[in-house]
Each structure stands twice: as C-alpha cells, then as structure tokens.
Amino acid sequence: CWELARVKLPSGLTAIERNLFASCNSLSEVAIPDSVTSIGYRAFAECDSLTSITIPAGVTTIDSLAFDGCSNLTSAALPYGLISIGDEAFRGCENLTSIAIPDSVTSIGQSTFWGCERASSLTLSQNLTTIGHSAFSGCASLTSVTIPDSVRSIDGNAFSGTGLTSVTIGNSVTSIGGYAFRGCSSLTS
C-alpha cells in the first residue's frame, strides 16, 4: 500500500482490523463509515502522510498502537461514546496539537499519548478514573492540566517531560505514581 493516498471504506464495515493500513506511508485521507465500532491494533500505525482523522460516533474501541507513529497527524477527533483507548494508541504523534478525551472514556492506558510534543491543549474526560503510566509523557508543549475529581490514580511518569507550569489535581486522587511529574522544570503551581 505504499502508493495508496485515499481510502473510502464501505458502509456496513464494523471493524478496521489489525495492521490493515500499517506503514502505508502515502495514505493521507481516510473516510471511516458510521458503521465502524472498533479500530484494531496498529490499524493505521506509521501512516506518515495522514494529517487528520475523524473517528465516527459509533466507535467504542481504539486498540493499542492504532495510530502509533503517525508523525504528521495534527488532528484526531475522538467521539463521545468512545469507551476504550488502548496503550500507545497515539504514541509518537508529534504534531498532534490538541487532545480532547470525551466524557465516555473512563481510563487512559499506558503511553497512550506519549511523545505528542506539540499538543498544547488537553481536555480530560469528567468520568476518567485512571491515567496510565507515561500517558502524556513527552508532551513538551503542554503547559496546564486540570485533573477532574473523578480521577483516583495517576500512574508513574504520567506527565513526565511535559512543559507544565500548573496542575490542578482533583479531590478524589488517592494515588500518584513515582516520577509522575519528573522533568517538569517549569512547574510552579
């Protein structure tokens, strides 16, 4: 699929299977039908030409590494109704500018947005209970975050290497893992 640039997936499709478009370096445009409910493991990993993706409202699961290494991805619209975002799903999407986790998501896995260095805006689900290990590590442009009251645990390295200057931690947090804010040299409040 090295020369594949545009894909319009057929209506009625319910799942984008594992590795389906992995390493399709020329893929720049994908139309995902509303019938899709899951995006599989590494489905779009390393699609270097992909700049934006709109995930339809019916998608409840984005599996691990689904968009790993999509280095030119600047926009990923996550729908309300999404329940699960797998480990490392958007790891290394260095040009992603904002991250908005819909309120339907209750946990963020390990290294989910690791290395999204240009993400300057982060909105977390108001029903989030867990922020996984290294979930936002290396998001160097991230300067501020408000962790909602629903969150009970922040795992180790969750925000390490970010540009955070301020953090507001919700009232329900009972556990903060080691090095959760390591290397946040600009953190003042």
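This report describes a predicted model of a protein, from its overall form to selected residues.

## Overall form

The protein has 16 strands and zero helices. Its radius of gyration is 16 Å, close to the 16 Å that the globule rule gives for 189 residues, so the protein is as compact as a globular protein of that length. The C-alpha trace spans about 50 × 25 × 20 Å along its principal axes.

Of the 189 residues, 48% count as buried. The exposed surface comes to about 8,200 Å², and carbon and sulfur atoms supply 46% of this area. Among contacts in the protein with a separation of 6 or more, 20% are between residues 24 or more positions apart.

## The nonpolar core

In soluble globular proteins, nonpolar side chains tend to be buried together. Here the largest nonpolar core holds 55 residues. The members that touch the most others in this core are Phe-67, Phe-90, Ile-131, Phe-136 and Phe-159.

What does Phe-136 contact, leaving aside its neighbours within four places in sequence? The list is Ile-99, Ile-108, Phe-113, Leu-122, Leu-124, Ile-131, Ala-158, Phe-159, Ser-160 and Thr-162. Two residues named above, Ile-131 and Phe-159, are thus among the contacts of Phe-136.

## Cysteines

A disulfide is a covalent bond between the sulfur atoms of two cysteines. The model contains zero disulfides by the distance rule used here. For Cys-47, the nearest cysteine sulfur is that of Cys-70, 5.1 Å away, and Cys-47 is in no disulfide. The cut-off for a disulfide is 2.5 Å between sulfur atoms, so a pair at 5.1 Å does not count.

Cys-70 is likewise in no disulfide. The cysteine sulfur nearest to that of Cys-70 belongs to Cys-93, and the distance is again 5.1 Å. How accessible are these residues? Cys-47 is buried, with a relative accessible area of 0%, and Cys-70 is also buried at 0%.

## Three loop positions

Gly-86 sits in the loop between β8 (84-85) and β9 (98-100). Is Gly-86 buried or exposed? With a relative accessible area of 11%, Gly-86 counts as buried, because the limit for a buried residue is under 20%. Outside the four places on either side in sequence, Gly-86 is in contact with Ile-62, Asp-63, Ser-64 and Thr-112. The C-alpha atoms of Gly-86 and Ser-121 are 20 Å apart, with the two positions 35 residues apart along the chain.

Ala-57 belongs to the loop between β5 (52-54) and β6 (61-62). Its relative accessibility is 59%, so Ala-57 counts as exposed, the limit being over 50%. Even so, Ala-57 is in contact with Pro-79 and Tyr-80, leaving aside neighbours within four places in sequence. Ala-57 and Gly-81 are 24 residues apart in sequence, and their C-alpha atoms are 6.4 Å apart in space.

## Ser-134 and its surroundings

Ser-134 lies in the loop between β12 (130-131) and β13 (144-147). This residue is buried, with a relative accessible area of 9%. Which side chain makes a polar contact of 3.0 Å with that of Ser-134? The partner is His-133.

Not counting residues up to four places away in sequence, Ser-134 touches Ser-111, Trp-114, Gly-156, Asn-157 and Ala-158. Ala-158 is also in contact with Phe-136.

Notes:
Residues are numbered from 1 along each chain as its sequence is written. This is a predicted model: local features need pLDDT of at least 70, side-chain atom pairs count only at pLDDT 80 or more; totals for chains, interfaces and linings use all residues. Side-chain values use heavy atoms; hydrogens and water are left out. A nonpolar core is a set of buried Ala, Val, Leu, Ile, Met, Phe, Trp, Tyr and Cys residues joined through side-chain atoms within 4.5 Å. Buried means under 20% relative accessible area, exposed over 50%, partly exposed in between (1.4 Å probe, protein chains only). Contact means heavy atoms within 4.5 Å. Helices (H or I, at least four residues) and strands (E, at least two) are DSSP runs, numbered from the N terminus. A polar contact is a pair of N or O atoms within 3.5 Å; within protein, one must be able to donate a hydrogen and the other to accept it, and residues adjacent in sequence count only if both atoms are side-chain atoms. The radius of gyration is taken over C-alpha atoms; the globule rule is 2.2 Å times the number of residues to the power 0.38. Accessible areas come from the Shrake-Rupley method with a 1.4 Å probe; for residues, only the protein chains shown count as cover.
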